[in-house]
Amino acid sequence: MSAPLLQADAPEIAYREGELHVEAVVVSRIAAAVGTPVYIYSAGAIERQYRRFAAAFADRPARLCYSVKANSNLSIIATLGRLGAGADVVSEGEFRRALAAGIPGDRIVFSGVGKTETELAFALEHDVYQVNVESRGELELLSAVARRLKRVAPVAIRVNPDVDARTHHKIATGKKENKFGIDLAHAPDIFAEAATLPGIALKGVAVHIGSQLTAMGPFEIAFRRVVELFRGLVARGLPLQRLDFGGGIGIRYRDETPPSLDDYAVLIRHLTEQLLDGLEVELAFEPGRFIVGNAGVLATRVLYVKEGVTRRFVVVDAAMNDLLRPALYDAWHEIVPTKPHGRAEPPVKQSIVGPVCETGDAFALDRALPPLAPGELLAILSAGAYGAVMSSSYNTRPPAAEVLVRGGDFAVVRERPSYEALLGLDRMAPWLAGR
Ligand code: LLP
């Protein structure tokens, strides 16, 4: 039996010869060369997750549009683009990233509840594969923009199936009280309107009920409702050919048991075969976290160990501005020393906190870990998704650099901004300038 994986789905991130490696590169070497905090990703782990997903649907027409919001570094998008991935984007900025990384517009799905007129025009001018429309207002604006540009907008309408995704409430999107999609009761009218609007080519139905789903039940209820809607609309003569199932498959951060990809694929096969008998449908998926979540770590160095009255604080050089998930969602991320302690020291409860001036700036509270010491290098695991992309310069801290590893090579794929760059966007108001 081999040792249990440090991170699910990422054998590339492992201890070898007494030190944490990402592929063939030892984490301490990257930390020494690039500084800390630093995000480190394994290209191999990302590629394998993508290939697994693609293989699960290889026998049918299916598009994989990597959800760029999970990690939009150009090198990550390009790594996936080379394997044939499309992209799911939610802003012109992400659209531009996908294009810059080599994914053409005709492999891009444009999602999001608040696209602006400029963004819609940008998407049409770049031959977007599909716009996932979320409201009547957006549909009508898109029709007007398409007519003005003398283009036809390929449209899917995102529906809200009113299903509890049983995930953190801030990342659940499929309940009727959430802002996303069009509820099932109103959906038939909007689809009918879309079919008649000039400049709109109605293509399909889209759904996404939330992120980090760890149970299959919510997917099953939501997808059944969506496929039934699809069948009903086709029966009414609407020319639908595409079903976009969104993203949302959870990963293991701690002890979750997310649905397996195979079970997920079987569910979709059953529903589409059972309910759509023989209809030609092209499937689309928008996985984000599943592809990159367990493919990256955030390396950080211990600055101080401070005995509080009731807690031992380990102050590290990464903070909530680098990795917001624990502060925002109380998310659990495993934390390990990059050099396991040789002595069999009994673990002690320690709270791993960052330098930002907020009590919420904590990566773990009262976590049992081997006694840590200043200067020691730690890795915060499962940080490949919604880590760097959600970073900020709060407290005027330059957010962590990003490094991509491939085999024995590594490259800085995003620099840590300089203080000049951080301050450089501010302008002194004219009445304050001078002297
Ligand atoms: N498609 C749509 C329309 C989405 O809104 C999302 C994620 C995805 C696909 C990708 O979902 P995934 O496969 O990654 O679960 N910042 C949060 C997660 C927010 C997810 C937002 N939407 C976190 O750190 O957990």
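The ligand site and the enclosed space of the structure are described below. The model is predicted, so that local features were considered at pLDDT of at least 70 and side-chain atom pairs only at pLDDT 80 or more, whereas totals for chains, interfaces and linings use all residues. Residues are numbered from 1 along each chain as its sequence is written, and side-chain values use heavy atoms, with hydrogens and water left out.

The ligand sits in the largest pocket, a pocket being an open set of points on a 1 Å grid over the protein atoms alone, with protein on both sides within 12 Å along at least five of seven lines, and occupancy requiring more than half of the ligand atoms within 2 Å of its grid points. The ligand is surrounded by 18 residues, the closest being Ser211, Glu286, Arg289, Arg325 and Tyr386 (a heavy atom within 4 Å). This shell comprises 5 nonpolar, 7 polar and 6 charged residues, with Gly counted as polar.

Oxygen atoms of the ligand form polar contacts (N or O pairs within 3.5 Å) with a polar backbone atom of Gly248 at 2.9 Å and with a polar backbone atom of Gly288 at 2.9 Å. The protein covers 91% of the 590 Å² of accessible area that the ligand has on its own (Shrake-Rupley method, 1.4 Å probe).

A search of the whole structure finds 1 cavity of 30 Å³ or more, a cavity being a set of points where a 1.4 Å probe fits but cannot get out.

How values were computed:
A polar contact is a pair of N or O atoms within 3.5 Å; within protein, one must be able to donate a hydrogen and the other to accept it, and residues adjacent in sequence count only if both atoms are side-chain atoms. On a 1 Å grid over the protein atoms alone, a cavity is a set of points where a 1.4 Å probe fits but cannot get out, and a pocket is an open set with protein on both sides within 12 Å along at least five of seven lines; lining residues have an atom within 4 Å of a point. Grid points are joined across faces, edges and corners, and a volume is the space filled by probe spheres set on the points.
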